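User: I am new to reading protein models. Can we go through this one step by step?

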Amino acid sequence: MNPLLLPLVLPGVYAPQEDTALLAGALAEEPLRPGADVLDVGTGSGALAIEAARRGTRVTAVDVSWRAVCTARANAWVAGVPVRIRRGNLFAPVRDRSFDLILTNPPYVPAPMGIRPRGPARAWDAGRDGRFVVDRICREASPLLRPGGVLLMVHSALSDPDRTLVHLRTAGLKASVTRRSRIAFGPVVRGRADWLRQRGLLSPADEKEELVVVRAELPV
């Protein structure tokens, strides 16, 4: 299944894009035993949760948006794979559980309007440094991982991957950037390119954005 081609994406739900595909590629390379417990945080359309479920894993998906929850449930049903889907803010619905793998494509685009976006922008706007949700994941993911468990997170180089690595290592995880991809500006970054350049996050010559996948593992 191509994660970019799903039968249903309701209005206001983040449609799978290049960051989804990059994270799906990292997921495909991750060794997973049958029956492994996987968590997809901020599932959106459910694309990554479905990819994981096709591997024979037990998947739980979480999103704060009811539209996303409904979209993911419908897409899992069409795909014919079991995915347990819950509505909630990040890890709130699963704090009593532990996982072998956590996947997340969080909001990560720096935004001039602050940290409380509304509507569809909740899927990408993440405060002036793009780290409002990323930092929470760095702080809160480790206690939910089993020994040897892995966190795979995709975000933009605009939101400082080095800082992500520092936070994850501080939380006791072995962390590194395992995938990179340069893509043409999408409509969100293109629309605020001047502001990003004023902040020094883009150079005048930049016409592409770099995406990264961070892999963090809890030592056994």
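Analyst: We start with a definition: a polar contact is a pair of N or O atoms within 3.5 Å; within protein, one must be able to donate a hydrogen and the other to accept it, and residues adjacent in sequence count only if both atoms are side-chain atoms. This is a predicted model, where local features need pLDDT of at least 70, side-chain atom pairs count only at pLDDT 80 or more, and totals for chains, interfaces and linings use all residues. Residues are numbered from 1 along each chain as its sequence is written, and side-chain values use heavy atoms, with hydrogens and water left out.

User: At the start of α3, which backbone nitrogen does a side-chain oxygen of S65 reach?

Analyst: Helices (H or I, at least four residues) and strands (E, at least two) are DSSP runs, numbered from the N terminus. The S65 oxygen comes to within 3.2 Å of its partner, the backbone nitrogen of R67.

User: How far apart are the end C-alpha atoms of helix α3?

Analyst: The expected span is 1.5 Å times one less than the number of residues. Helix α3 covers residues 66-79, 14 residues, so it should span 20 Å. The model agrees: the end C-alpha atoms are apart by 20 Å.

User: Which residues are exposed on the other side of α3 from its buried ones?

Analyst: Buried means under 20% relative accessible area, exposed over 50%, partly exposed in between (1.4 Å probe, protein chains only). In α3, A68, V69, T71, A72, N75 and A76 are buried. They cover an arc of only 165° around the axis (taken from the directions from the axis to the C-beta atoms), so they sit on the same side of α3. On the other side, the exposed residues are W66, W77 and V78.

User: Within what arc do the buried residues of α5 fall?

Analyst: In helix α5, residues 161-170, the buried residues are P161, T164, L165 and L168. They line one face of the helix, because seen down the axis they fall within an arc of 100°.

User: Which strands stand at the edges of the open sheet?

Analyst: Two strands pair if DSSP finds at least two bridges between them. The 7 strands run in the order β3-β2-β1-β4-β5-β7-β6, with mixed pairing. Each edge strand has a single partner, so one side of each is left without a neighbour in the sheet: these are β3 and β6.

User: What is the bridge partner of D40 in β4?

Analyst: Strands β1 (residues 37-41) and β4 (residues 99-104) pair in the parallel sense over 4 bridges. In β4, the partner of D40 is L103.
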